[in-house]
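This report describes selected features of a predicted protein model. The sequence and structure are shown first, and the description follows.

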Amino acid sequence: MAENFSFKLTATDGRARRGLVSMPRGEIRTPAFMPVGTGGTVKAMYMDQVRGVGADIILGNTYHLMLRPGAERVARLGGLHDFARWPYPILTDSGGFQVMSLSKLRKLTEQGVTFRSHIDGAPYEMSPERSIEIQGLLDSDIQMQLDECTALPAKPNEIERAMELSLRWAERCKTAFGDQPGKAMFGIVQGGDSAALRVRSAQALKAMDLKGYAVGGLAVGEPQSVMLEMLDITCPELPADKPRYLMGVGTPDDILKSVARGIDMFDCVMPTRAGRHGLAYTRRGKVNLRNARHADDPRPLDEESDCPAARDYSRAYLHHLVRSQEGLGAMLLTWNNLSYYQKLMQDIRAAIEAQAFEARAAEITEGWARGDIPAI
């Protein structure tokens, strides 16, 4: 295990990058997809399953863990790794997005944000310093700056105000984080759908010499074309020797197209949320197990998959579980989905190393376009 946080590029293919993040709790092979463990759990999964499908790192949510069970309590119980029985790297978001999206009563100032819990209405304060303190109490390995995320579309002056505030908060987060050997704090590029603001934000964060950089405020209502345009503008402004994390993204297609533009790390609730609602991701595209066409189908989701959920259970059984709202249905489909996402990342990494990323991405996309196997 590495004593310090480091990132090394091991291969490039066009703008696509293959790399390795090394930390005391383990290595993160990039491009990487981080399963979302919002409240200290990747929903409907055991942690050994999460590791078994190939995940090197998971994400925890500062806002939710602050409310329940409380950061100080997690610290007393040994930190989030011991609490959740995940001894590998954990990235925590800052809580800023949830404060903005979930809290009906909130007030934003230069100092931070005051808000009421969406659970019981209790009042809380979140400053850049408190966000970093909470992430430290959780014993997070990669901590995110507190930022203000604006949903798109938004007025240009509002986007600029939020971006400038986020930069000032990044400076305060850097100071609060200090020097923590083996850990990292990432800054977050904001700027909405404005090319000029994205460049300004990226350049200012780069001058802070942080250990990694995230691109935030995308996948918040804008079309994919806008997200990709902002990545085309932003990624060249970020240091080549630091990891780049696209927050909250996304679909398998989003991931392929973002890797092609130089992104290294991803997270999204999509594969776990879809699994709980009867939707499976496969190499043939999305399969809706609620559909009656599967009711008498003895074939598996994917006979070539390494995942038992996809390979060993019939579509008829999965359909029955989903329609009957049995908990096992959500568990099996979430297992399948996270396995598919990790297999996708494995394919991407291998293709970059082989200098064949564009061709492999085309093959994967063609597989989705062909669609699911015909109904019986």
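The buried residues of H9 pack against strand E11 (184-189), helix H8 (195-207), E12, strand E13 (244-246) and helix H10 (252-259). Those buried positions in H9 are Val226, Met227, Leu228, Met230, Leu231 and Thr234. Here buried means under 20% relative accessible area, exposed means over 50%, and partly exposed lies in between (1.4 Å probe, protein chains only). Helices (H or I, at least four residues) and strands (E, at least two) are DSSP runs, numbered from the N terminus. An α-helix has 3.6 residues a turn, so residues three or four places apart point the same way.

Residues are numbered from 1 along each chain as its sequence is written. Because the model is predicted, local features need pLDDT of at least 70 and side-chain atom pairs count only at pLDDT 80 or more, whereas totals for chains, interfaces and linings use all residues; side-chain values use heavy atoms, with hydrogens and water left out.

**Annotated positions**

In an unreviewed entry, UniProt lists Asp93, Ser94, Gly95, Gly96, Phe97, Asp147, Gln190 and Gly217 under "binding site". UniProt positions are given in the numbering used here, feature names are shortened, and annotations may be inferred rather than shown by experiment. Two of the listed residues, Gly95 and Gly217, are described here. Gly95 lies in the loop between strand E6 (90-93) and helix H5 (96-102). Gly95 is buried because its relative accessibility is 1%. Leaving aside neighbours within four places in sequence, Gly95 is in contact (heavy atoms within 4.5 Å) with Thr62 and Tyr63. Gly217 is placed in the loop between strand E12 (212-215) and helix H9 (224-234), and counts as buried at 7% relative accessibility. Not counting residues up to four places away in sequence, Gly217 touches Cys149, Leu152, Gln190 and Arg198.

**Cysteines**

The structure holds zero disulfides, a disulfide being a pair of cysteine sulfur atoms within 2.5 Å. The table gives two cysteines that are in no disulfide.

| Cysteine | Nearest cysteine sulfur | Relative accessibility |
|---|---|---|
| Cys268 | Cys149, 14 Å | 7%, buried |
| Cys307 | Cys268, 19 Å | 3%, buried |

**Helix H13 and a surface patch**

In helix H13 (residues 315-323), the residues Arg315, Ala316, Leu318, His319, Leu321 and Val322 are buried. They pack against strand E16 (285-288), helix H12 (308-311) and helix H14 (327-353). Gln325, which follows H13, has a positive phi near 55°.

Tyr46, Tyr317, Leu328 and Met331 make a nonpolar surface patch of about 370 Å². Patches are made of residues with over 30% relative accessible area and no salt bridge; like charges are joined within 9 Å, and nonpolar side chains (Val, Leu, Ile, Met, Phe, Trp, Tyr) within 5 Å. A salt bridge is a side-chain nitrogen of Lys or Arg within 4 Å of a carboxyl oxygen of Asp or Glu. Accessible areas come from the Shrake-Rupley method with a 1.4 Å probe; for residues, only the protein chains shown count as cover. Tyr46 is found in the loop between strand E4 (32-34) and helix H1 (47-52), and counts as exposed at 56% relative accessibility.

**Arg276**

Arg276 belongs to helix H11 (residues 270-276) and is partly exposed, with a relative accessible area of 33%. Apart from neighbours within four places in sequence, Arg276 is in contact with Lys43, Ala330 and Thr334. Arg276 and Pro35 are 241 residues apart in sequence, and their C-alpha atoms are 14 Å apart in space.
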